[in-house]
Amino acid sequence: MATWQFDAIGTRWEIESPTELTAEVRDVVTAEIERFDREWSRFRDDSDVTRLGRSGGVLRSPDAAPMLDAYRELSAATAGAVNPLVGESLEALGYDAGYSLIAAEPVAAPVAWRERVSWDDSGAAASAPALLDVGALGKGRLVDLVFDALDQVPGDVVVDAGGDMRFRGAAARVALEHPYDQTRAIGVFTVQNGALCASATNRRAWGDGLHHVLDARTGVPVRTWAATWALAPDAMRADAVATALFFDGGPELAADWGVEWVRMSTDGRVQRSPGCTAELFLADAAPRR
């Protein structure tokens, strides 16, 4: 297998294919990532999301409807804990465009976000300033877009964006990294023609116990769950469920979407979905009932 490695959206990417990708295919992938980043990155001064955060208006993007439709279900399932207007909450804790990592008082996200943001197949609109952050599922969406851009590449393909992965072809065994010891795995998922996404509070962490997984209702980082993994047919839904699993309602959403999952608490307990096919190494790992 040939491997193409590069950095984009603050993440190390690896794309594996039977032979080296042509320059034309690489250009298509690079252009798609740039388009998505230019539209949806909260960390770019020239992005459409930043413009909406400053003055409202319209964001033209084919990704708006798929992502915000999923956010509507995420928000309902988690009683508002997941909310695409969490951008100002993250900024308040120092996870801002300049990565100041200097925390002020927590800020809750607007509860009635669907009254402030509307969307259809052509894009999203905000009648007043509204800072979107699609981090709950955006990287998964981009993995799917890159994966689709490789549909004419023959044979097995793996797209890996910093641990959010989608596979075509032969089955692959993927270790589930222990959130408190990167030299250990708590188990293995076997993935074939599907996607595996993970989220953990030890990633993008700073200060005194601060990290990027916030409860939008309070603006405070979650404390109960340390890491989650979700296996789904596509990466956007796997990414979304990996976020939802930090909150009550996440397992129910996963069941509705047909997504397998594993999660580990901050005190070392491990749960998995009923019928989960992951091979787990910890003796106390049990299905959630």
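Me: Which domains is the protein divided into?
Reply: There are domain 1 (2–40), domain 2 (48–126) and domain 3 (163–280). Keep in mind that this is a predicted model.

Me: What does the secondary structure come to?
Reply: The protein has eight helices and 19 strands.

Me: And why call it as compact as a globular protein of that length?
Reply: Its radius of gyration is 18 Å, and the globule rule gives 19 Å for 289 residues; the two values are close, so the protein counts as being as compact as a globular protein of that length. If you want a box around the C-alpha atoms, figure on roughly 50 × 50 × 35 Å along the principal axes.

Me: OK, on to domain 2 and domain 3. How many residues of each are in contact?
Reply: 23 residues of domain 2 touch 22 residues of domain 3. The centres of domain 2 and domain 3 are 22 Å apart, going by C-alpha atoms.

Me: What area do domain 2 and domain 3 bury between them?
Reply: About 1,800 Å², with 74% of that on carbon and sulfur atoms.

Me: Which residues in domain 2 lose the most area to domain 3?
Reply: Ala 81, Leu 93 and Tyr 95. Together they make up 28% of what the domain 2 side buries.

Me: How many salt bridges does the rule find across that interface?
Reply: Zero between domain 2 and domain 3. For polar contacts, though, the rule finds six residue pairs across the same interface, with both residues at pLDDT 80 or more.

Me: Which helices each supply at least two residues of the domain 2 side?
Reply: Helix 3 (64–77) and helix 4 (87–92). Helix 3 gives the largest share of that side, six residues.

Me: And by class, what is on the side of domain 2 that touches domain 3?
Reply: You get 18 nonpolar residues, four polar and one charged.

Me: Back to salt bridges. How many does the structure hold?
Reply: The structure has 18 of them. One of these joins the side chains of Glu 34 and Arg 44, at 3.1 Å from N to O.

Me: Where do Glu 34 and Arg 44 sit?
Reply: Glu 34 is in helix 1 (residues 23–40), while Arg 44 is in the loop between helix 1 and helix 2 (48–55). They are 10 residues apart.

Me: New topic: where is Ala 104 found?
Reply: Look in the loop between helix 4 and helix 5 (113–116).

Me: What is Ala 104 in contact with, leaving aside neighbours within four places in sequence?
Reply: Ala 92 and Leu 93. Leu 93 came up earlier too, among the domain 2 residues that lose the most area to domain 3.

Me: And how far apart in space are Ala 104 and Val 191?
Reply: 41 Å, C-alpha to C-alpha, with their positions 87 residues apart in sequence.

Note on methods
Residues numbered from 1 in each chain as written. Predicted model: local features only at pLDDT ≥ 70, side-chain atom pairs only at ≥ 80, totals over all residues. Heavy atoms only, no water. Domains from an automatic or database assignment. Contact = heavy atoms within 4.5 Å. Buried area = accessible area lost by both parts, 1.4 Å probe. Salt bridge = Lys/Arg side-chain N within 4 Å of Asp/Glu carboxyl O. Polar contact = N/O pair within 3.5 Å; in protein donor to acceptor, adjacent residues only side chain to side chain. Helix = DSSP H or I, 4+ residues; strand = E, 2+ residues; numbered from the N terminus. Nonpolar A, V, L, I, M, F, W, Y, C, P; charged D, E, K, R; others polar. Rg over C-alpha atoms; globule rule 2.2 N^0.38 Å.
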